[in-house]
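You asked for a second reading of this model before you go further with it. My comments follow as numbered points, to be read with the structure open.

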Amino acid sequence: MCGIIGMVGKSPVNQAIYDGLTVLQHRGQDAAGIMTCDNGRLHLRKDNGLVRDVFENRHMYKLRGNMGIGHVRYPTAGCSSSAEAQPFYVNSPFGIALAHNGNLTNAEALKEEVFRDDLRHINTTSDSEILLNVFAHELQRQGKLRILPDDIFDAVARVHQRVKGGYAAVAMIIGYGIVAFRDPYAIRPLFIGKRTTCDGDEYVVASESVAVDALGFDRLRDVMPGEAVFIGEDGSFHARQCCDAPVTSPCIFEYVYFARPDSIIDGISVYKARLRMGEKLAHKIKRVFPDHDIDVVIPIPDTSRTSALQLSYELGVLYREGFIKNRYIGRTFIMPGQKQRKKSVRQKLNAISLEFKGKNVLLVDDSIVRGTTSKEIIQMARDAGANKVYFASAAPPVRFPNVYGIDMPTSAELIGYGRDERQIADAIGADWLVYQDLDDLIDAVLHKKNKAVTRFEASVFDGKYITGDVTPEYLAGLERARCEAAKEQREREESAIIEMHNNA
């Protein structure tokens, strides 16, 4: 999962893009980058690390220009080296830079196509560089010295025909402006904001509406599935549908975990969706455990707080904050190795013993992926003196890998794969475990008032991949690439290369 932002302003945009990336930091902590354009010259700073660590004053001074794009990354494809940090750039045609959130399911075939047919070289293992080169080629093949918005939209339409998977992208074209587009299913989010100044209109496009809010822009709307928007250097705004049969099918895991609660995605409030998740889950507990002996409901910070609070209200059970979070430790879901994830749990959370001692505790989390964190936290609750430890997940069991931009592990690494609820409860050490039903989750997020969303991308729960091109062979290849052993081997190789250079 990554965060992207693009902006065309009437004054330097470097600070605004930096601020926007800090708001989107939850979407990726591996690397960050900003590229700006000033009078036909590009200025770039990108590196591994958090936004606050990658950009110093000396870097910001060099990021001149009224137009730019930015990116925060965690690796779903490729490796963790700084060479994979975005934005990426190609010099032909015109000079184009691109930042991308998502994952291309036909990346390997495209990479061969780009080399054999488009005569372009891919220098990294990132599918984002492939997407950039496909877009650049489709723009170049029109053979025009000067292009119009319709030429850009024609190129995006060809991208949609060639590219499969989930993707949201912002691309900056030197001398023209910024184009933003979203895959035909709108799996990954992308939102537009507008601000009118005394000098004219300014526009921003970002992964989440919260970045638009934080920068003081008015919310305009989501980029529609298959749509492209073009913002000219002069502040002009153009939009066109570039796909024949778009279907709004956002990733439901955005609402469960990834997005900030103060974001609105495809007209749906993430906060309200999580409240309804808690309500639905409470109703299920009343059905399956009517004579429960729960003394207190405690959330696992931070994303489960909203659901846990509503759940406790519906159950009529006391809500308490039982864990204090060290905010200087990253999200364990995004950490690159299993050992590092496990080690970080007790560094990240500390239990308040008086909220646990002698009580039957219901811990509430947004989801259970590997189960490593859940197991550690349950043991922490027992160590703090809990009598019984029950566990509730606001999402259904995660049983299948994600192929559209979330670095969920192989099926074998998922705690929900091949186990029923009792077996999962035993594996994580809970006295009792309850999961949200998928129908209830969909109903909680969709809500009756929303007419734009017709379905969700929920493959991690039901194994149904909506792009229709995900085969067992593809998943087997993905499993080989994503297994922890492969990641650890890549990390060892990168460390060896760095050490070799340091010793040279």
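**Notes on the predicted model**

1. A residue pair makes a convenient entry point: Thr36 stands opposite His43, a residue of strand S3. Please keep in mind throughout that this is a predicted model. Thr36 belongs to strand S2, which spans residues 31-38 and pairs with S3 in the antiparallel sense over 8 bridges.

2. These two strands are part of an open sheet of 7 strands, which runs in the order S3-S2-S4-S1-S10-S9-S11 with antiparallel pairing. Its edges are formed by strand S3 (41-48) and strand S11 (218-222), each of which pairs on one side only. On average, and with direction ignored, neighbouring strands of the sheet are turned by 15 degrees against each other.

3. Helix H1, residues 14-23, packs on this sheet, where it touches strand S1 (3-8), S2 and strand S4 (67-73). The direction of H1 makes about 20 degrees with that of S4.

4. Turning to charged side chains, the count comes to 36 salt bridges. One of them joins Glu254 and Arg27, whose side chains meet at 2.8 Å, N to O. This pair links distant parts of the chain, since Glu254 sits in helix H8 (residues 253-258) and Arg27 in the loop between H1 and S2, 227 residues apart. Are these two partners buried or exposed? Glu254 has a relative accessible area of 1% and is buried, and Arg27, at 0% relative accessibility, counts as buried as well. Both values fall under 20%, the cut-off for calling a residue buried.

5. A further salt bridge is formed by the side chains of Glu113 and Arg162, at 3.0 Å from N to O. Here again distant parts of the chain are linked, with Glu113 in helix H4 (residues 107-116) and Arg162 in helix H6 (residues 149-162), 49 residues apart. The two partners fall into separate accessibility classes: Glu113 counts as partly exposed at 27% relative accessibility, whereas Arg162 is buried, with a relative accessible area of 12%.

6. Helix H6 also contributes Asp154, which forms a salt bridge with Arg240, the closest N and O atoms being 2.8 Å apart. Because Asp154 lies in helix H6 and Arg240 in strand S13 (residues 237-241), the pair ties together parts that are 86 residues apart in sequence. Asp154, at 36% relative accessibility, counts as partly exposed, and Arg240 is likewise partly exposed, at 26%.

7. Glu113 and Arg162 should also be viewed in a wider setting, for salt bridges that share partners join Glu113, Asp118, Glu138, Arg141, Arg158 and Arg162 into one network.

8. My last point concerns a helix pair: helix H9 (residues 270-288) and helix H10 (residues 305-315) pack with their axes 7 Å apart and at an angle of about 40 degrees. H9 and H10 are therefore oblique to each other, because angles under 35 degrees would count as roughly parallel and the range from 65 to 115 as roughly perpendicular. The crossing in which H9 passes H10 is right-handed. On the H9 side the contact involves residues including Tyr271, Arg274, Leu275, Met277, Gly278 and Leu281, and on the H10 side Thr306, Ser307, Gln310, Leu311, Glu314 and Leu315.

Note on methods: Residues numbered from 1 in each chain as written. Predicted model: local features only at pLDDT ≥ 70, side-chain atom pairs only at ≥ 80, totals over all residues. Heavy atoms only, no water. Pairing = 2+ DSSP bridges. Helix = DSSP H or I, 4+ residues; strand = E, 2+ residues; numbered from the N terminus. Axes fitted to C-alpha atoms, helices over the stretch in contact; angles between N-to-C directions. Contact = heavy atoms within 4.5 Å. Salt bridge = Lys/Arg side-chain N within 4 Å of Asp/Glu carboxyl O. Buried < 20%, exposed > 50% of the residue type's maximum accessible area, 1.4 Å probe, protein only. Parallel < 35°, antiparallel > 145°, perpendicular 65-115°, else oblique. Left-handed = near helix turned anticlockwise from the far one by under 90°.
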